[in-house]
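Please take a friendly walk with me through a protein complex, one piece at a time. Keep the sequence and the 3D view open as you read.

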Amino acid sequence: MKQKTVTCGLAASVIAIVAACAALAAALIPPWVAAAVLVAAFPVLVLSLGLWWRAPGGEEDIPFIGY
Amino acid sequence: MIEYLVFAAVFGLLLLGIHRKVIARIQIRPGPPIWQEILHALKFSFKSTWVPKTASSALFVAVVLVGIGIWSAALFVVLAGESILILFAIYMLHKIVEHGYGLSSGSPYGKFGGVRSVISAASEIPLFVTIAAIYLFTGSLILRDITAYQDIHGPLLLIAPPVALAMYIVILSKMPYGPFSIVESKELVSGYKTEHFGAWRAGLAVTDGLKTFVLLYAFVAIFIGAVPFWAALIIMTAVLISLSFVCAVTPMLSPFDSVTVQGIITGLMLIYAGCLWWVMS
Amino acid sequence: MPDIGGSDLFVLAFGDILHYFNPYTATLFLLALLFTGLVIASRPERQLDIAFGGDAYYAKMTTVSEMRFRRFMAIACGLASMGAMASGDIFNFTLFVSLVGITNVGIVSAVRIRHVLNAAYEYGIVAMVATLPLFGGAALILGTTGTLSIQALAAGGFAVPLVGKALLALGVIGEGMAPFYAAKAEMFRAPGAPYVIMCSLSSLLIFLRVVEIVITI
């Protein structure tokens, strides 16, 4: 995955989560909508954060097949 | 709300760390520090990451997202006091996710982990019996109603101990190093997790943390009722330590024995639920 | 109506036949949708296998025609499971469930490996036999109550026969046997992860839905 894709994913998920939390605090959206946004955005946040710290570096490899 | 997710993931990982520590002390080993699982998750997230050459790449990445997503949803369902049938569905869907982890990479080890996950589906039926029995007592499957019922009648743990035992066994079969954890046993390298490394593995760790927290929290909410949050955390830790004792003193069963034992437990639970239904109707 | 899946979010009624979502069925529907999307988006993995008699290993490939057929069946299976999740009518539910059974046979039987075909054949027989209790259960419920609408039955006033419910559940269990046969087929290492997962997912979803239906009516 390219660094740019990962940065976009990270930015999008952070924005979605902040917006959902802010809108919930301002009582603009019901709690279940905020929960739905978080359920969709939190996995993207976790993975893209990991990938963003250390963007893909290695060569593609075949799975481990034994010693 | 994000703070709930982060807290649940970190506390769940801490519980898994305590689990390892307790097992180690029972087996007279020093064991890793209790925050080891949190460090593991961080460590994996700093590793360089790619998708294996032979993998079905979309599926390989998507199952990690789905895994975190379903347990985040389960956390919100439990916190909001919604239907425990949804929790039941998510618990069973975790099988599909495990299956997906194993199959998507093309690794034979992962594949066998995934296949074992499907054949041990028998471990899910006690949860169904739990739900049926709870419904017989409370007349509802909404967590709010179940807590309200317990406010009047006392904890379900005392009213229907076999039901609590069924859910306890269900949680036990999801614990690492337990008698039923054939899906990640060592002859399969790391079972279904074998090919998910780096950031993918960090995602898996977050899933495991959320899963442990949600299952133990649901156990407290369903069988003990409304308690302050700090008390719930203490009871969860106590339940976890009892699980660690079980895991420490039992060997991992062979896949065939694991399925047989789970099948027998399921049969007993079905008989109990049948008797309960006969008595109550 | 017993409150087990949460209160209704959406109801679409065509006279007696209706479709509805509550939080529970909506969650299941969304997951079926998600995995159908995944089946469309992902290619089958290349399964690594050892060549007996040496240190060599090779990656199994899925041919394009086989992939096309299995993908078609998996998408059909996803659509059928979505239908089964959204339907509020027991007859429609049983139709969708039997469609899930047919497409599951299709997903497994497209692989030209003897053991896999054997597993598909055995599952096909189980699925066919299971349609009898499945439709028989629905027919019994219709015969005794005069309606098949889940909401009408749940509203009360009907004595839904226990044997009807039991036959319905038995039929779904029979149709949902696919993962066990698929696991058996996988033991012989047929690649095609997204499609096999659709097999397991659809079986699980119909099982989860019938639990809700049997408790509700």
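In this predicted model, Phe14(C) stands opposite Ile17(C) in strand β2(C). Val11(C) likewise has a partner there, standing opposite Tyr20(C) in β2(C). These pairs belong to strands β1 (residues 10–14) and β2 (residues 17–21) of chain C, which pair in the antiparallel sense over five bridges. Strands count as paired if DSSP finds at least two bridges between them. Helices (H or I, at least four residues) and strands (E, at least two) are DSSP runs, numbered from the N terminus.

Two residues lie between the strands of this hairpin, and Gly15(C) takes a positive phi near 65 degrees. Is β1(C) well covered or hardly covered? It is hardly covered, since the count of buried residues among its five residues is zero. A residue is buried if 20 or more other C-beta atoms lie within 10 Å of its own, exposed if 12 or fewer, and partly exposed in between, with C-beta atoms placed from the backbone.

A word on reading the model: residues are numbered from 1 along each chain as its sequence is written, while chains are lettered from A and ligands numbered from 1 in the order in which they are written. Because the model is predicted, local features need pLDDT of at least 70 and side-chain atom pairs count only at pLDDT 80 or more, whereas totals for chains, interfaces and linings use all residues.

**Chain C as a whole**

Chain C holds eight helices and four strands. Along the sequence they follow the pattern β-β-α-β-β-α-α-α-α-α-α-α. The C-alpha trace of chain C spans about 70 × 30 × 25 Å along its principal axes. Of the 217 residues in chain C, 51% are buried. Among contacts in chain C between residues at least 6 apart in sequence, 72% join residues at least 24 apart. Here, two residues are in contact if their C-beta atoms, placed from the backbone, lie within 7 Å.

How confident is the predictor? Chain C averages a pLDDT of 84, and 94% of the residues score at least 70; pLDDT is the predictor's confidence in each residue, from 0 to 100. The complex is given an ipTM of 0.86 and a pTM of 0.90.

**Two helices with a buried face**

The table sets out two helices, with the expected span taken as 1.5 Å times one less than the number of residues.

| Helix | Residues | Expected span | Distance between end C-alpha atoms |
|---|---|---|---|
| α6(C) | 162–175 (14 residues) | 20 Å | 20 Å |
| α11(B) | 229–249 (21 residues) | 30 Å | 31 Å |

In α6(C), the buried residues are Gly164(C), Leu167(C), Leu168(C), Gly171(C), Val172(C), Gly174(C) and Glu175(C). Seen down the axis of α6(C), they fall within an arc of 160 degrees, so they line one face of the helix. The arc is that of the directions from the helix axis to the C-beta atoms. What covers the buried residues of α6(C) includes α3 (90–109), α4 (114–145) and α8 of chain C.

In α11(B), Met236(B), Leu240(B), Leu243(B), Ser244(B) and Cys247(B) are buried. These buried residues fall within an arc of 110 degrees seen down the axis of α11(B), so they too line one face of their helix. An α-helix has 3.6 residues a turn, so residues three or four places apart point the same way. The buried residues of α11(B) pack against α1 (2–26), α9 (161–172) and α10 (198–223) of chain B. On the other side of α11(B), Ala231(B), Ile234(B), Ala238(B), Phe245(B) and Val249(B) are exposed.

**Where chains C and B meet**

How many residues of chain C are in contact with chain B? There are 36, and they touch 33 residues of chain B. The elements giving two or more residues to this side of chain C are α1 (23–41), β3 (48–50), α7 (178–187) and α8 (193–216). Of these, α8(C) gives the most, with 11 residues. By class, this side of chain C has 23 nonpolar, six polar and seven charged residues. Ala, Val, Leu, Ile, Met, Phe, Trp, Tyr, Cys and Pro count as nonpolar, Asp, Glu, Lys and Arg as charged, and the others, Gly among them, as polar.

**Two loop residues in chain B**

Ile28(B) has a positive phi of about 55 degrees although it is not a glycine. Ile28(B) lies in the loop between α1 and α2 (36–45) of chain B, and counts as exposed because it has 7 C-beta neighbours inside 10 Å. Tyr177(B), found in the loop between α9 and α10 of chain B, has a positive phi near 65 degrees, again in a residue other than glycine. With 16 C-beta neighbours inside 10 Å, Tyr177(B) counts as partly exposed.
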